[in-house]
Amino acid sequence: MPYPMGKTAARRTLWSTLVLWLPPLLFLLIFYFTPLLSILSLAGEALLREGLAAGLGARLWRPLRFTLWQAGLSTALTLLVGLPGAYLFGRFTFPGKGWLRVLTTLPFILPTVVVAAGFNALIGPRGWLNVLLMQALGLSEPPIRLMHSLGAILLAHVFYNTTIILRVVGSAWAQLDPRLEQAARVLGASPWRTLWEVTLPLLRPAILAATLLVFLFDFTSFGVILLLGGPRFATLEVEIYLQALQMLNLPLAGLLSVVQLACTLIFLLLYQRVAAQVNVPVTPRVQGEGIHSPHTPGERAFVVGMVGVLGVLLLLPMAALPLRSVARLEAARGERGMVTPGLTLDYYRELFINRRGSYFYVPPIQAARNSLLYAGATMALALSLGGLTAAAMTRLRRPPRWLDPLLMLPLGTSAVTLGLGFIVVFNRPPLVARDFPLMIPIAHTLVALPFVVRTLQPALAAIPTNLRQAAAVLGASPWRVWWEVDFPIVLRAVIVAAVFAFTASLGEFGATMFLVRPEYPTVPVAIYRFISQPGALNYGQALAMSTILMALCGLGVAVIERLRLPGWPQTW
């Protein structure tokens, strides 16, 4: 039991806590709230200039209506796939379950450009399905035309966000006491009635929290819409990008950003309110009770069928990408007049060659170096600021209720809005957004910071106070106490936070599109350039770069899974 502090010690603790708070708050004030206020100013300018005319209302309502529609439809489809998958992970054990868990986690952390490239490699005009069907049916044109359609957007969103349902609901299902369901069955309830009247009411908070989180990610989707849907499927995010960088209509872009920000903050607050109620009732029982291998033919059919569905939906696009990156479809024709595939590493070799001799050419390997440098700087910034924030929050016995939402605000702000705010505010020396290299990692840090704080703060709060007191009594300085007591305990959390920040920066696309200079692209921007240009060589290079980026993100997921922390599935 800790001894009560005297006035001097309490005053010293207060001042040290304020010192810890100062850098993160200054960072948020300068690089988050200032750009945010500038966007509000732009929105006011648009309203003063055009008023609430019918034309302006239509330009706001059209993208908002489509954004809500596609997010709602995507969320419903994700639940349709994710809830049976959550039951699979929460109630059954089967060979390869651990590997399947890791592989189903990978889509959520993949950059949007990699997801677009994966679906292009699978269902695109030169994708595997079209190539195989053309060869099998003797067709000269690709029969599947899903690219640049609403169907492609919905498939990609289900691919992306099914992981959230599997993690949040599946974890809650695994913790649910199976004896509650068994008691209902003993009393004569059918399996469906037990599910409807016992299981689902207990899982309702977890399902609502996961649903709101999926809807939030679908609502703020940018890269998937831009790359798989195109400009005619303009959500708020895409419309902000088009108005700011193509139409040069910054006031309207600012007004759209305010609408988008208001909506996402409402959804984020609803999510936080619901997530606070995710408390599955459990009773003491043997670890793993309720999770069993399939016994009956129905259970075995369900497990095999659900593993097959997850494999086709989540793993097939990821498998199609690397396979397509080493396949060249030559112009030579076979007996049936169709192209014949062949294996090659030419697309990877071309990453180092300026085939057209363009003066403006940037080697993809240079883009990879830029991304690694930006990711390293993001990791250092996010860990430093997130560590100070987590330490300051731990020192507060009762943190104010408004503190957590304040720190989570960047999570509710789209990267596109952040990029627009940076362009508007930082346009004079010495901080010119496109000329100051650190602007990109600063924007990436705003995206990663909430996750880093959420990872480090519970680990710091779990350190027993008596260990620090014992070390201090034995003569250890505060620095030595931190190094030999605190740091070994939080090391796993630090590694997880660092890997997450690093991989999040590697794949960030929305804000980077606003801030990057043409001669210093990142890997996602370079992939977007290649995949947007005609020609088999550009297409192949985009696939090769996407495969490399997917491998790096996969390595990050493997490290996170290896060092998984207690309560990790509920953290996000």
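This is a short tour of a predicted model, one selection at a time.

**Stop 1: helix α4**

Select residues 112–123, which make up helix α4. The helix has 12 residues and reaches 16 Å from its first C-alpha to its last. That span is close to the 16 Å expected at 1.5 Å a residue. Now show the surroundings of α4. How many of its residues are buried? The count is 12 of the 12, so α4 is largely enclosed by the rest of the structure. Among the buried residues are T112, A116, G118, F119 and N120. Keep T112 and A116 in view, since both return below.

**Stop 2: the largest cavity**

Searching the whole structure gives four cavities of 30 Å³ or more. The largest cavity holds about 860 Å³ of space. To find it, select T112, Y160, F217, T220 and V447, which are the closest to its centre of the 33 residues that line it. T112 is also one of the buried residues of α4.

Next, colour the helices that give two or more residues to this lining:

- α3 (97–109) and α6 (150–175)
- α8 (191–219) and α9 (223–229)
- α16 (415–425) and α17 (439–461)
- α19 (478–507)

Which of these gives the largest share of the lining? It is α19, with four residues.

**Stop 3: L226 in helix α9**

Stay with helix α9 and select L226, which is found there. Its relative accessibility is 9%, and L226 therefore counts as buried, the cut-off being under 20%. Add A116 from α4 to the selection. L226 and A116 are 110 residues apart in sequence, yet their C-alpha atoms are 9.4 Å apart in space.

**Stop 4: the loop between α5 and α6**

Move to the loop that joins α5 (128–137) to α6, and select P142. P142 has 14% relative accessibility, so it counts as buried. Add L129 and draw a distance between the two C-alpha atoms: P142 and L129 are separated by 8.9 Å, and lie 13 residues apart along the chain.

In the loop between α5 and α6 you will also find H148. Is H148 buried or partly exposed? At 45% relative accessibility, H148 counts as partly exposed. Its backbone deserves a look as well. The phi angle of H148 is near 60 degrees, a positive value in a residue other than glycine. Most residues other than glycine have a negative phi.

**Stop 5: a nonpolar patch on the surface**

Select L22, L26, L29 and I30, and switch on the surface. These residues form a nonpolar patch there, with about 350 Å² of accessible area together. L22 lies in helix α1, which covers residues 7–50.

**Stop 6: Q366 and E519**

Go to helix α14 (residues 364–395) and select Q366. With a relative accessible area of 23%, Q366 is partly exposed. Then add E519. How far apart in space are the C-alpha atoms of Q366 and E519? The distance is 9.6 Å, for two residues that are 153 residues apart in sequence.

**Stop 7: C553 and G507**

The final stop is in helix α22 (residues 536–562), where C553 lies. C553 counts as buried because its relative accessibility is 0%. Select G507 too, the residue at which α19 (478–507) ends. The C-alpha atoms of C553 and G507 are separated by 8.3 Å, and the two residues are 46 residues apart along the chain.

Terms used: Residues numbered from 1 in each chain as written. Predicted model: local features only at pLDDT ≥ 70, side-chain atom pairs only at ≥ 80, totals over all residues. Heavy atoms only, no water. Expected span 1.5 Å × (residues − 1). Buried < 20%, exposed > 50% of the residue type's maximum accessible area, 1.4 Å probe, protein only. Patch = residues over 30% accessible without salt bridge, like charges linked within 9 Å, V, L, I, M, F, W, Y side chains within 5 Å. Areas by Shrake-Rupley, 256 points an atom, 1.4 Å probe, with all protein chains shown as cover. Salt bridge = Lys/Arg side-chain N within 4 Å of Asp/Glu carboxyl O. 1 Å grid on protein atoms, 1.4 Å probe; cavity = no way out; pocket = protein on both sides within 12 Å on 5 of 7 lines; lining within 4 Å. Points joined across faces, edges and corners; volume = space filled by probe spheres on them.
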